[in-house]
Amino acid sequence: MKKTVLSFVLALMAVTAGAQQVTVEVKNNTPQQRQELVEIDAQTVYKKLGVQPGRNFRVINAVRQEVIYQITHDGKILIDASVRPHGTATFSIVKGQPRDVKTFVCGRQYPERVDDIAWENDRGAYRLYGPALQRNKERAFGNDVWVKNTPDLEVEKRYKVELDNHPAIEKLKKEGKTEEALAMEEATTYHFDHGYGLDCYKVGPSLGCGAPALMDGRNIIFPYCYKDYKILDNGPLRFTVSLVYHPTDYKGQKITEHRLLSLDKGSNFNRQTVWYEGAKKNIDVASGVVIHNEDTQSTVIGNDFVQYADPTDNPQGQNFQIYVGVIFPAGASETCVVENDGHQNGIYGHALCIKRNVHPNEKLTYYWGSAWSKFDCRTQDEWQLRIDNFKKALKQPLAVVVK
């Protein structure tokens, strides 16, 4: 009897204390090398390890190096996993305080720059426009692309240098010191490449790269700037923001657009889920990329994607391309080019993925993103290969087993 009680107590102590470690196996069942974030249920790890929720554990790889992880707003542990073809990567999760880590993904609102929300990872940077810009009546509807060729975070520095020097530049102009003002502007503006990338993608009254829109037949109903936002995850491996837009008039209905957008370390593509509140009937939803008058031939239309080699805001001066694209992994009802009336504002039209008869409040998830010919995709053919491999990875995700 005493032995039975002792055994029970020891077993209870073991359960209470938790395991010494949790083993995570990430299996790659494809013939391609894979490098991407994997998700693990955080509650499962806390329970198995016997720890309270929070960053009170470390993640160790097969060569005993500590690796970066992130706990997301929806209860996932993110690990950046590299797995060889048909291979398995093994990680150990152990109790302890994690070391300080480098941040590869982050973003914030910039009220000092008309309420932009800008975010970036180690491959590129993006922004969308906010209420202050809408109050200024500037017509810029879509997502902007900022190219970069460094894994380091650049956006904060670009904004600061540009905005800090703007008053001095304007002062020089008022004083008639045009050449000095021009020299300072060229040295500080983020519209020039100072060795780490720049902003040279034209948005204007378009979807830019990957913004969603309601469709009325062949007409795009452009969304304006967001109304409310909430940043849910902010690095080091994933950025997530929730956005609510002002109601839109659509066939006699007031419809409110919601977006949930995220960007992961190492990815050329943002993941975006969009849904519309207030619709009484099925709606048509599209996303795509703007096609500029300077190059109307570099558009590729697939069954579930569109992509384009954008010539930048100064094709002769820049002499490089920005590759942009949109992927509808669940399929599109139609992919096509819709021309802009009169090709005004330098916009020839849009390459679109259209999903028709979307139910009210139905969530549509798609991906949009970019690459730069001076960084990770040297040609449009490479960009197409990146898209193809990304779609394959979505269909065959890495398998995660927690032991």
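**Helix H4 and a four-stranded sheet in a predicted model**

Q: What makes the span of helix H4 (residues 155-174) close to the expected one?
A: In this predicted model, H4 has 20 residues and reaches 29 Å from its first C-alpha to its last. The expected span is 28 Å at 1.5 Å a residue, so the two values are close.

Q: Where in H4 does a kink lie?
A: The kink lies at His 166, shortly before the proline Pro 167. The bend is the angle between axes fitted to the seven residues ending there and the seven starting there, and here that angle is about 35 degrees.

Q: Which residues of H4 are called buried, and why?
A: They are Val 155, Arg 158, Tyr 159, Glu 162, Ile 169 and Leu 172. Each is called buried because its relative accessible area is under 20%.

Q: What covers the buried residues of H4?
A: The cover includes strands S7 (106-110), S8 (116-120), S9 (124-128) and S10 (144-148), together with helix H5 (178-188) and strand S11 (197-198). Just after H4, Gly 176 takes a positive phi of about 80 degrees.

Q: Why do strand S1 (residues 21-27) and strand S6 (residues 88-95) count as paired?
A: Pairing needs at least two bridges, and 7 bridges join S1 to S6, so they count as paired. The two strands run antiparallel, and Lys 27 stands opposite Thr 88 in S6.

Q: What makes S3 (57-60) and S26 (399-402) edge strands?
A: The 4 strands form an open sheet in the order S3-S6-S1-S26, with antiparallel pairing. S3 and S26 each pair on one side only, which is what makes them the edge strands. From one strand to the next, the twist averages 20 degrees.

Methods. Residues numbered from 1 in each chain as written. Predicted model: local features only at pLDDT ≥ 70, side-chain atom pairs only at ≥ 80, totals over all residues. Heavy atoms only, no water. Axes fitted to C-alpha atoms, helices over the stretch in contact; angles between N-to-C directions. Buried < 20%, exposed > 50% of the residue type's maximum accessible area, 1.4 Å probe, protein only. Contact = heavy atoms within 4.5 Å.
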